[in-house]
Structures are given as structure tokens and as C-alpha cells.
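Work through the following exercises with the sequence and the model open beside you. Each task is followed by a solution that goes step by step.

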Amino acid sequence: LVAFGLLNAYILLWEGDILFYYGLFGMLLYPFRKVAASWLILLGLFCISVGMMKNVWWYQQTRETRANYLSAIAAEKEKKKLTAKQEEAKSAWENIMKSQKPDTAATKKNVETLRSGYGTIFSHFIPINSGNETWGTYHGIWDMLSMMFIGMGLFGLGFFSNKLSTGTYAMCLLVGYGLGIPIGYIFFKGGFVETLDFARYVDAYSSPHWLLYHGRRVLLCLGHVSLVLLIYRSRLVPWLMKGLANVGQMAFTNYLMQSIICTLFFFGYGLGNYNKLSFHQLYYVVGAVWIFQLIFSAIWLKYFQF
């Protein structure tokens with residue numbers, strides 16, 4: 001899986017590869033394969049708490065940088081000569097604010113690069129993917145392990161195997177969506193909309209909205225899975241369930257296929273549609289890929305077992 005992740009990132013040139021991390025962290029999960037389901041869920045919650053503490057630590061560092069900057073600005077207004085530490089604090093916050101603003105020149109260069117040939121795009125993605133994998137391994141480990149442990153625990157309880165009662169799935173649907181959607185709204189509005197003015201956000205909040213991320217994600221996942229299983233049990237749309245089952249049985253193939261389809265559709269060595277579609281038109285691409293893979297998976301599995 002790690003090897004296929006490297007293939008996906010460096011040969012197929014997909015910047016958002018996830019296989020590398022799944023393979024890497026899967027090695028850590030292997031010794032836990034026989035642990036009781038309840039302990040696996042507790043381990044997942046522990047990983048969530050570690051991830052939240054890291055977020056709090058980072059945010060408090062950011063608030064400290066902001067406070068030091070404001071102190072330096074106040075000293076400047078009083079016509080005082082800034083110390084080397086104050087100059088450093090001022091520069092540190094200005095760099096943070098600079099990173100929050102769109103860089104028109106960098107965006108233009110990025111668009112030109114991704115409309116170029118394979119060699120240019122390959123060279124462009126080497127430092128990006130290397131940086132992503134390094135950052136993701138160090139910072140993303142708690143995030144991914146948390147969901148993997150919880151998933152293993154739920155699998156052990158028979159949650160994903162349609163073994164629980166209809167009432168249990170209905171309750172998980174109500175709790176998952178009933179709490180997850182409002183939390184998701186608060187997370188989006190506070191964590192994204194308000195941070196458009198990052199300085200004001202840091203001044204206003206002592207803790208970041210991003211702490212809601214993990215709870216929202218677990219709850220919504222429970223809601224999504226419960227909904228799919230309830231629809232499956234209802235036998236209302238067996239053709240759709242069969243189609244999704246086919247896609248799921250070929251999940252690995254379909255994942256890599258999406259990298260191939262989308263890079264050929266958007267990048268310059270293919271059809272070159274990068275940054276040419278409006279936002280709503282991207283959904284047409286998504287829909288077309290879904291329909292193609294539903295049909296392709298059904299045809300493939302008619303003739304082959306895998």
C-alpha cells in the first residue's frame with residue numbers, strides 16, 4: 001500500500017494521495033488486530049484527545065505570537081526603539097498574515113505549471129508531495145489512527161456487517177446527524193468563515209473551532225453508515241446497493257482510477273482543463289466519474305472475481 005501510495009503521488013501525480021499513510025499506519029495497527037472492540041474504540045478516543053491537544057498547543061503559540069506582535073506595535077507607536085526580540089515578533093506575525101492572503105503571482109504560476117507537460121508537472125510535485133508526506137506523517141498520525149481504531153472497533157462489534165438491530169442503526173443515524181450537522185455548521189462558520197480575518201479571530205477566541213473537527217467527523221460517519229445500512233435493509237433501491245457494493249469491492253482500483261481520470265482531464269499532458277471550470281461545473285465531472293465507475297465496476301465483476 002505504501003508503494004502504491006508513492007506510485008499515486010509521484011507517477012500518477014495526485015497531490016492528495018492517502019494510500020501512503022494508510023499503509024504506513026496500518027503497520028502500527030497490525031499488533032492491535034486481536035484487541036477487544038471496546039478497547040479499540042477507547043484507543044481511537046485517546047488518539048483524538050492527543051490530536052486536540054496538539055491543535056490547542058499550536059493555537060496558543062499563534063496567540064502568543066499575536067500578543068508579542070501587538071506589544072511591539074504599541075512600542076512603535078510610543079516612538080520606542082524595538083528590541084531584536086520585538087522585531088522578530090513583529091516579523092513572525094506579519095509572515096503569518098502574509099500566508100493567509102492569496103498570492104496572485106504564485107496562483108498564476110501554479111496554473112501555468114499544471115497546464116504544462118508531464119515532466120514539468122512531475123518536477124513541480126516532487127517537493128510538494130515530499131513535504132505533504134513528511135508533514136502528514138508527523139501531524140496526521142493521530143487523526144488517521146483515531147478513525148482507524150474506531151473503525152476496527154465498530155467492525156468488531158458487527159456495525160459494518162449489518163449485524164446490529166434496526167433500532168440501533170436508527171439511533172446512530174439520529175445521534176450522528178442530530179449532533180454532527182449542528183457541530184459541523186459551527187465548525188464551518190467559526191473555523192473557516194471567521195478565519196477569513198485571522199487576526200480578529202485570534203483576538204476573539206481563546207480556543208480554535210478546529211477542536212470540533214474530530215467529533216463532527218466521527219458523528220457524521222456514524223450517520224452516513226447508518227443511513228446506507230438502513231436503506232440496504234429496506235430493499236427500496238437494491239440496484240443502487242448492488243452498484244455501490246461493486247464499487248466498494250473494487251475500492252482500491254477505483255481510487256487509483258480516479259487519479260488517472262482526473263489528472264488526464266485537468267493537467268496539461270491530458271485535456272488541460274485545470275482552472276477552466278466554474279465551481280458548479282466540477283460537480284458534473286464528479287457525477288460523470290461516479291457513473292462511469294458504477295458501470296465499469298459492474299461490468300468488470302461480471303467477468304472477474306476481483
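**Exercise 1. Decide whether Lys-80 is buried, partly exposed or exposed, and find the partner of its side chain.**

Solution. In this predicted model, Lys-80 has a relative accessible area of 51%. The class of exposed residues begins over 50%, so Lys-80 counts as exposed. As for the partner, the side chain of Lys-80 meets that of Glu-78 in a salt bridge, with 3.1 Å from N to O. This distance is within the 4 Å that the rule for a salt bridge allows.

**Exercise 2. Examine the salt bridge between Glu-76 and Lys-90, and state where each residue lies and how accessible each one is.**

Solution. Begin with the contact itself: the closest N and O atoms of Glu-76 and Lys-90 are 2.6 Å apart. Next, place the two residues, with Glu-76 in helix α3 and Lys-90 in helix α4, which covers residues 84–100. The partners are 14 residues apart, and the pair links distant parts of the chain. Finally, compare the classes of accessibility: Glu-76 is partly exposed, with a relative accessible area of 31%, whereas Lys-90 is buried, at 16%.

**Exercise 3. Describe the salt bridge of Arg-200 and Asp-197, and then give the count of salt bridges.**

Solution. The side chains of Arg-200 and Asp-197 meet at 3.8 Å, taken from N to O. Arg-200 is partly exposed at 46% relative accessible area, and Asp-197 is also partly exposed, at 37%. The count of salt bridges comes to five.

**Exercise 4. Explain why Cys-47 has no disulfide partner.**

Solution. A disulfide is a covalent bond between the sulfur atoms of two cysteines. The step to check is therefore a distance, with a cut-off of 2.5 Å between the sulfur atoms. The cysteine sulfur closest to that of Cys-47 belongs to Cys-221 and is 16 Å away, which is too far for a bond. A search of the whole structure agrees, since it finds zero disulfides. The surroundings of the cysteines can be added: Cys-47 counts as buried, at 4% relative accessibility, while Cys-262 is partly exposed, at 26%.

**Exercise 5. Find the nonpolar patch on the surface that includes Tyr-22, and place this residue in the secondary structure.**

Solution. The patch is formed by Leu-1, Phe-4, Leu-7, Ile-11, Tyr-22, Tyr-118 and Phe-252, which together have about 600 Å² of accessible area. Tyr-22 belongs to helix α2, which runs over residues 19–29. With a relative accessible area of 39%, Tyr-22 is partly exposed, and membership of a patch requires over 30%.

**Exercise 6. Give the volume of the largest pocket and name the parts of the chain that line it.**

Solution. The largest pocket has a volume of about 1,200 Å³. Its lining is made up of 27 residues, and those closest to its centre are Ile-18, Asp-143, Met-144, Tyr-213 and Arg-217. The elements that give two or more residues to this lining are α2, α3 (37–77), α6 (118–139), α7 (141–156), α10 (213–234) and α11 (238–249).

**Exercise 7. Summarise the secondary structure and the extent of the chain.**

Solution. The protein chain has 13 helices and zero strands. Its C-alpha atoms fill a box of roughly 80 × 50 × 40 Å, taken along the principal axes. Of its 306 residues, 32% count as buried.

Definitions and conventions
Residues are numbered from 1 along each chain as its sequence is written. This is a predicted model: local features need pLDDT of at least 70, side-chain atom pairs count only at pLDDT 80 or more; totals for chains, interfaces and linings use all residues. Side-chain values use heavy atoms; hydrogens and water are left out. Patches are made of residues with over 30% relative accessible area and no salt bridge: like charges are joined within 9 Å, nonpolar side chains (Val, Leu, Ile, Met, Phe, Trp, Tyr) within 5 Å. Accessible areas come from the Shrake-Rupley method with a 1.4 Å probe; for residues, only the protein chains shown count as cover. Helices (H or I, at least four residues) and strands (E, at least two) are DSSP runs, numbered from the N terminus. Buried means under 20% relative accessible area, exposed over 50%, partly exposed in between (1.4 Å probe, protein chains only). On a 1 Å grid over the protein atoms alone, a cavity is a set of points where a 1.4 Å probe fits but cannot get out, and a pocket is an open set with protein on both sides within 12 Å along at least five of seven lines; lining residues have an atom within 4 Å of a point. Grid points are joined across faces, edges and corners, and a volume is the space filled by probe spheres set on the points.
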